[in-house]
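User: Please explain how the structural terms applied to this model are justified.

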Amino acid sequence: MFSRPWALILLVLLVALVFWQRFSTEKSQLSRTALLMGTLVEIQANGDDRELLETAVTDAIAEMSRLEQLFSTHIPQSEINRLSDAGTLQVSIETAELLTLGQQIARSSQGAFDMCLGNLKRLWDIESQAPKTPSEKELREALRGIGPESLQIEGRQVTKQTESLRIDLGGIAKGYAVDRAVEILRAAGVLSAAVNAGGDIRLLGYRQGQPWRIGIQHPRQNGEVIATLMLQDRAVVTSGDYERYFEVEGTRYHHLFDPQTGRPARGCQSVTVVAADAASADALATAAFVLGPQKGLALLEQMPEVEGFLIAADGSRLTTSGLEDFLEWH
Amino acid sequence: MTSSAVDPVQLEQVRQRVFLALFIALAVALHAVEYLLPSPLPWFRFGLSNILTLTALFLYGPRAAWTVTLSRILIGSLLLGTLFSPGFLLSLSGGVLATLLMTSAFSLFRPHIGPVGVSVLGALGHVSGQLLIAWLLIVRHPSIWLMLPFFLLFSLISGIINGVAADMLLEFLLKHPAFARLKKIGREQTQKIDH
Amino acid sequence: MALGSALRRLTLFDRYLVVIFALLVVVSFLFPFSKQPGARVVVDADHRTVYTAPLNENRTFEVSGPLGDTRLTIENGAVRVLSSPCPQKICIGMGEAHQAGDLLACVPNRIVIRVEGQAEGESYDLLSR
């Protein structure tokens, strides 16, 4: 054997490599994207069983699509539109659940979060080709009847208290859809996943044994991250004035309206909320943004199991007391 | 009166096998001792066993050198329980590249090159082989090459030490009658006996 | 003395080789990529990044590998290994890493710890906006 050293070397190397391979387990990482609810939705799932992951993620996306059919104001026959048209309706369980949650947060935030801004949003029409700034009179008209008590919810029967009201779930529907998607993944046995609907994020478990690193978009520097959060099994949602807006004569008009004035709220550049579920995080982020830095911070501190931080209009940063361990500023 | 009419060639072959076995044993012992000593740079050693590889190379030629190196690595790892571990792969790659360079230099450049020169090349090969495998299989990040200067310095020193030690050993051994039929290969023309 | 005679036996070629090698060593010292101060610790388990943390905040954390948990600590701008389930504890003996490009590793537990400078690498898994 020693007269052919090359053969021996190759043999030893081969065996060693085989041993090496045996001791490294490959885990599957699956990533799917879909265009839903007017944004790019991405689901990442990790685990050993690729088939299980595929099925779970497909089901999760299907569920989010189904919910879009219920909640979207852009789909004429959606349940929400039919409710706005009809005045009273027996809605599906999910819609009832969502409206109940939304109402709770509307009350907690003293109306800063409002689900009946349908008319207002149509008036501003931020996303259209020719957005314009409405007049004071038009705004008054669009805000008639809004407020935390504008909807009466009894079980699955929902009634509008003012006839002209139109419901818009823009500030909470994405979060809810993300929550349902995570529930489906969890029920299917997935232990590690992340659902990201255009920045509304909910995490399931850990990422390869470690917390997920969530970068928070810098409100004024595109492509930059202002902070990183280390989280697992939580939801994180950011509301910012940089996403949907138009500018007229140097003034930015964005999509987060103050229900009291009917105009875009001016107190903050962005708000990031960490909560147990994405629907709450979504609604609270909107509410805190509208309330402005001080009141918004107070709202987040007051809610149990909720943390977050706000970037005020002047760029200063306010953080809730429980967030420090998970937060890294850049 | 009978004189032991032993075929001198066969005698030499047996002697060679015995001595190679001895060299391997010594190399394994050195390998083990080195392994157990603390080292400033992780996984990287002086390679004192190379002294025996060098000796085998200069006494018996390239094949003997390969024999000593490969056996030393295999047996040493079995002994220390590191067979097929990452440290083993590093040892193997370092040893193979070192022996390759040493035997090539020996075949190409003798008699102009001596044990120290060969040893220095061997040290270079040893360190390069180890870094290469560490980069490919363990770290995979280019920042490992930042360590190259330190490793090179280290291997230069150990290469010189090993070379001088091997040279001294060779001088000593060649005075002994057991090696009388062989002269040190390199300076003089000698008979080389293959096994 | 045997050493003296050994040195006298060095051939010209030998001496050349040593000199060239020494030059190589010197050159390699002058070349390295710029040594920036480290900004961030990146820990890879089995070639996949599993943990990052800034160097400027003290913290202690664990990373798991096939042999168990390796405990690491970031203190005073440097990262080092506190404890590890490997047999030889070489990783602990490697000491501290604090400059960009510095490496620590626990090879048996498949853990590599890198220190990165400001500009490198993706620092987050998902972006919330």
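The exchange below sets computed values against the definitions behind them.

Analyst: This is a predicted model, in which local features need pLDDT of at least 70 and side-chain atom pairs count only at pLDDT 80 or more, while totals for chains, interfaces and linings use all residues. Residues are numbered from 1 along each chain as its sequence is written, chains are lettered from A and ligands numbered from 1 in the order in which they are written, and side-chain values use heavy atoms, with hydrogens and water left out.

User: Why is Cys91(C) called buried?

Analyst: Buried means under 20% relative accessible area, exposed over 50%, and partly exposed in between, with a 1.4 Å probe and protein chains only. Cys91(C) has 1% relative accessibility and therefore counts as buried. Cys268(A), at 3%, counts as buried because of the same kind of value.

User: How do you know that Cys91(C) is in no disulfide?

Analyst: A disulfide is a pair of cysteine sulfur atoms within 2.5 Å. The search of the whole structure finds zero disulfides over all chains. For Cys91(C), the nearest cysteine sulfur is that of Cys86(C), 3.6 Å away.

User: What makes Asp179(A) and Arg202(A) a salt bridge?

Analyst: The term requires a side-chain nitrogen of Lys or Arg within 4 Å of a carboxyl oxygen of Asp or Glu. The N to O distance between Asp179(A) and Arg202(A) is 2.6 Å. The pair links distant parts of the chain, with Asp179(A) in helix α7 (residues 173-187) and Arg202(A) in strand β7 (residues 200-204) of chain A, 23 residues apart. Helices (H or I, at least four residues) and strands (E, at least two) are DSSP runs, numbered from the N terminus. Both Asp179(A) and Arg202(A) are buried.

User: Which parts does the salt bridge of Asp241(A) and Arg220(A) tie together?

Analyst: The side chains of Asp241(A) and Arg220(A) meet at 2.9 Å, N to O. Asp241(A) lies in the loop between β10 (235-240) and β11 (245-248) of chain A and Arg220(A) in the loop between β8 and β9 of chain A, so the pair ties together parts that are 21 residues apart in sequence. Asp241(A) is buried, with a relative accessible area of 6%, whereas Arg220(A), with 42%, is partly exposed.

User: Why does Glu79(A) have no salt bridge?

Analyst: Lys and Arg count as positive and Asp and Glu as negative, whereas His and the chain ends are not counted. Glu79(A) is buried, and the nearest side chain of opposite charge, Arg82(A), is 4.2 Å away, whereas the salt-bridge limit is the one stated above, so the pair does not qualify. Glu79(A) lies in helix α3 (residues 79-86) of chain A.

User: What makes strand β1 of chain C largely enclosed by the rest of the structure?

Analyst: Six of the six residues of β1(C), residues 40-45, are buried, so the strand is largely enclosed. Both faces are covered, with Arg40(C), Val42(C) and Asp44(C) on one side and Val41(C), Val43(C) and Ala45(C) on the other.

User: How do you know that β1(C) pairs with strand β7 of chain C?

Analyst: Two strands pair if DSSP finds at least two bridges between them. β1(C) and β7(C), residues 111-116, are joined by six bridges in the antiparallel sense. One bridge partner in β7(C) is Ile111(C), opposite Ala45(C).
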